[in-house]
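Look at the sequence and the structure below before reading on. The report takes the strands, a helix, some loop residues and the aromatic rings in turn.

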Amino acid sequence: MTESIDNIQRYLMNNPDAMPSQVATDLKVTEWQVVSALPQEQVTLLPLPEKDSLLTSLAEWGPMTTIIAVSGSVFEFKGPFPRGKYAHGYYNLITKGDGLHGHLKLDHVSAIALVSKPFRGNESHSINFFGAQGEMIFKVYLGRDKQRRLLTDQVVRFNALKARVSSAA
């Protein structure tokens, strides 16, 4: 089923707390279609050539939550996003000891969206990596302290990235 942008936006207006993944499931569309239909103040697209500098800088942001959803299951990792390097066709996440490990096929990333959408009434910001079919590859949410407040330095970095990208567009 293909939904028009108007239908997605209508759904979002009637369900303002709905997260893009839930909207996509309910309307049988891709999460990319939903994120693309978000109000302009909630989404900023990062040019793909900037993915390397973004991933390099994320390692300096501190603890965040990385989310991978596959076939209805959701995997979450809370902790710093690791540094990485290219080898054998992948961007290999380098972690010594415990932490997030993996191998990212970054040439399959077709879009990166900086999303600022409230979640359960709380301010929320994430960096979303999409595949060629509009599927979510993974997303990284800004971290929170023990009182569930966003980490201020990460919000500053995130907003600065959005402002820089917006001014360059």
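S116 stands opposite H125 of strand β8. This pair belongs to the ladder between strand β7 (residues 109-116) and β8, which run antiparallel and are joined by 7 bridges. The model is a predicted one.

On the other pairing, β8 and strand β9 (residues 136-141) are also antiparallel, with 5 bridges between them. The two strands β8 and β9 make a hairpin, with 4 residues between them. In that turn, G134 has a positive phi of about 85°.

How many of the residues of β8 are buried? The count is 7 of 7, so the strand is mostly covered. The side chains leave β8 in two directions: H125, I127, F129 and G131 point one way, while S126, N128 and F130 point the other way. Residues on both sides are buried.

N128 is a useful residue to follow. It lies in strand β8 (residues 125-131). Is N128 buried or exposed? Its relative accessibility is 3%, and buried means under 20%, so N128 counts as buried. The bridge partner of N128 in β9 is K139. The side chains of N128 and S126 are joined by a polar contact of 2.8 Å. Apart from neighbours within four places in sequence, N128 is in contact with E31, A111, I112, A113, V115, M136, F138 and K139.

A further sheet is open and has 3 strands in the order β4-β5-β6, with antiparallel pairing. Strands β4 (83-87) and β6 (102-104) stand at the edges and have a single partner strand each, so one side of each has no neighbour in the sheet. From one strand to the next, the twist averages 35°. Strand β5 (residues 90-94) is joined to β6 by 3 bridges. In this pairing, N92 stands opposite H103 of β6.

Next comes the first helix in the numbering, α1 (residues 5-14). Which residues of α1 are buried? They are I8, Y11 and L12. These residues cover an arc of only 100° around the axis, which puts them on the same side of α1. The general rule is that an α-helix has 3.6 residues a turn, so residues three or four places apart point the same way. The buried residues of α1 pack against α2 (20-27) and α3 (31-37). The face turned away from the buried side carries the exposed residues D6, M13 and N14.

Two loop residues have a positive phi although neither is a glycine. One of them is K28, with a phi of about 60°. K28 is placed in the loop between α2 and α3. The other is H88, with a phi of about 55°. H88 is found in the loop between β4 and β5. K28 is exposed, with a relative accessible area of 58%, and H88 also counts as exposed, at 79% relative accessibility.

L45 lies in strand β1 (residues 43-46). With a relative accessible area of 48%, L45 is partly exposed. L45 and K28 are 17 residues apart in sequence, and their C-alpha atoms are 23 Å apart in space. Leaving aside neighbours within four places in sequence, L45 is in contact with W32, I112, A113 and V165.

The structure holds 4 aromatic pairs. Two of them are listed here.

| Ring pair | Distance between centres | Angle between planes | Arrangement |
|---|---|---|---|
| Y86 and Y91 | 5.3 Å | 70° | edge-to-face |
| F129 and F138 | 4.2 Å | 10° | stacked |

Why is the pair of Y86 and Y91 edge-to-face? Their planes are at 70°, and planes over 60 degrees apart count as edge-to-face. For F129 and F138 the planes are at 10°, so this pair is stacked. Y86 is partly exposed, with a relative accessible area of 44%, whereas Y91 counts as buried at 3% relative accessibility. Both F129 and F138 are buried. Ring pairs also link F81, F129 and F138 into a cluster.

Definitions and conventions: Residues are numbered from 1 along each chain as its sequence is written. This is a predicted model: local features need pLDDT of at least 70, side-chain atom pairs count only at pLDDT 80 or more; totals for chains, interfaces and linings use all residues. Side-chain values use heavy atoms; hydrogens and water are left out. Buried means under 20% relative accessible area, exposed over 50%, partly exposed in between (1.4 Å probe, protein chains only). The arc is that of the directions from the helix axis to the C-beta atoms. Contact means heavy atoms within 4.5 Å. Two strands pair if DSSP finds at least two bridges between them. Axes are lines fitted to C-alpha atoms, for helices over the stretch in contact, and angles run from 0 to 180 degrees between N-to-C directions. A polar contact is a pair of N or O atoms within 3.5 Å; within protein, one must be able to donate a hydrogen and the other to accept it, and residues adjacent in sequence count only if both atoms are side-chain atoms. Rings of Phe, Tyr and Trp (its six-membered ring) pair if their centres lie within 6.5 Å; planes under 30 degrees apart count as stacked, over 60 as edge-to-face and the rest as tilted.
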